[in-house]
Amino acid sequence: MKNSQLAAIIKRLTAMVEASDSEVQVRRFEKEGQEKCIVTFDGSNEMFELTETGSQEVYQFDDIDLVTLEIFELLQD
């Protein structure tokens with residue numbers, strides 16, 4: 001059975017939340033060596049910010065599930 005890609009994404013995002021006191025945490029998500037997005041988590045306002053690498057569009061999320069789904073969709077392209 002193949003490991004869940006969603007579980008791996010959630011694990012990385014959870015680590016960002018747990019490591020963040022007031023610092024901004026940053027993670028890059030890639031597929032086959034090509035960066036798809038950059039996600040930051042700001043512990044002071046508990047918000048995720050996702051920047052799509054190709055289009056440079058920026059999205060903000062206050063829910064870990066929603067940002068996980070957006071990352072998952074970007075990695076499917």
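In which helix is Met16 found? Met16 is found in helix α1, which covers residues 5–19; the points below return to this residue after a word on the model as a whole.

1. Basis of the note. The model is predicted, with local features requiring pLDDT of at least 70 and side-chain atom pairs counting only at pLDDT 80 or more, while totals for chains, interfaces and linings use all residues. Numbering starts from 1 along each chain as its sequence is written, and side-chain values use heavy atoms, with hydrogens and water left out.

2. Elements. The protein has two helices and four strands, which follow one another from the N terminus in the order α-β-β-β-β-α. Helices here are DSSP runs of H or I with at least four residues, strands are runs of E with at least two, and both are numbered from the N terminus.

3. Overall dimensions. The C-alpha trace spans about 35 × 30 × 20 Å along its principal axes. The radius of gyration of the protein is 12 Å, which agrees with the value near 11 Å that a compact globule of 77 residues would have; the radius is taken over C-alpha atoms, and the globule rule is 2.2 Å times the number of residues to the power 0.38.

4. Surface and burial. About 5200 Å² of the protein is exposed, and carbon and sulfur atoms supply 46% of that area, as computed by the Shrake-Rupley method with a 1.4 Å probe, where for residues only the protein chains shown count as cover. Of the 77 residues, 29% count as buried, a term that stands for under 20% relative accessible area, whereas exposed stands for over 50% and partly exposed for values in between (1.4 Å probe, protein chains only).

5. Contacts along the chain. Among the contacts with a separation of 6 or more, 31% are accounted for by residues 24 or more positions apart, where contact means heavy atoms within 4.5 Å.

6. Met16 in helix α1. With a relative accessibility of 0%, Met16 counts as buried. Residues up to four places away in sequence being left out, Met16 touches Gln25, Val26, Arg27, Val39, Thr40 and Phe41. One of these, Val26, is ten residues from Met16 in sequence and 7.6 Å from it in space, C-alpha to C-alpha.

7. Thr68 in helix α2. Thr68 belongs to helix α2, residues 64–76, and is buried at 2% relative accessibility. Beyond residues up to four places away in sequence, Thr68 touches Leu6, Ile9, Ile10 and Leu13. Thr68 and Lys11 are separated by 57 residues in sequence, and their C-alpha atoms are 9.9 Å apart in space.

8. Lys36 in strand β2. A reader may ask whether Lys36 is buried or exposed. Lys36, which has its place in strand β2 (residues 34–42), is buried, its relative accessible area being 17%. When neighbours within four places in sequence are set aside, Lys36 is in contact with Phe29, Glu30, Lys31, Thr51, Glu52, Thr53, Leu74, Leu75 and Asp77.

9. Charges. The protein carries 7 positive and 17 negative side chains, and the centres of the two sets lie 11 Å apart. Lys and Arg count as positive and Asp and Glu as negative, with His and the chain ends not counted, and each charge is placed at NZ of Lys, CZ of Arg, CG of Asp or CD of Glu. The structure holds one salt bridge, defined as a side-chain nitrogen of Lys or Arg within 4 Å of a carboxyl oxygen of Asp or Glu. The side chains that meet in a salt bridge are those of Glu35 and Arg28, at 3.4 Å from N to O; Glu35 is partly exposed at 24% relative accessible area, and Arg28 is likewise partly exposed at 45%.

10. Loops. Glu32, in the loop between β1 (24–31) and β2, has a positive phi near 50 degrees and is exposed at 79% relative accessibility. Glu46, in the loop between β2 and β3, has a positive phi near 55 degrees and is exposed with a relative accessible area of 56%. Most residues other than glycine have a negative phi. In the loop between β3 (47–52) and β4 (58–61) lies Ser55, partly exposed at 38% relative accessibility; Ser55 and Ala15 are 40 residues apart in sequence and 26 Å apart in space, C-alpha to C-alpha.
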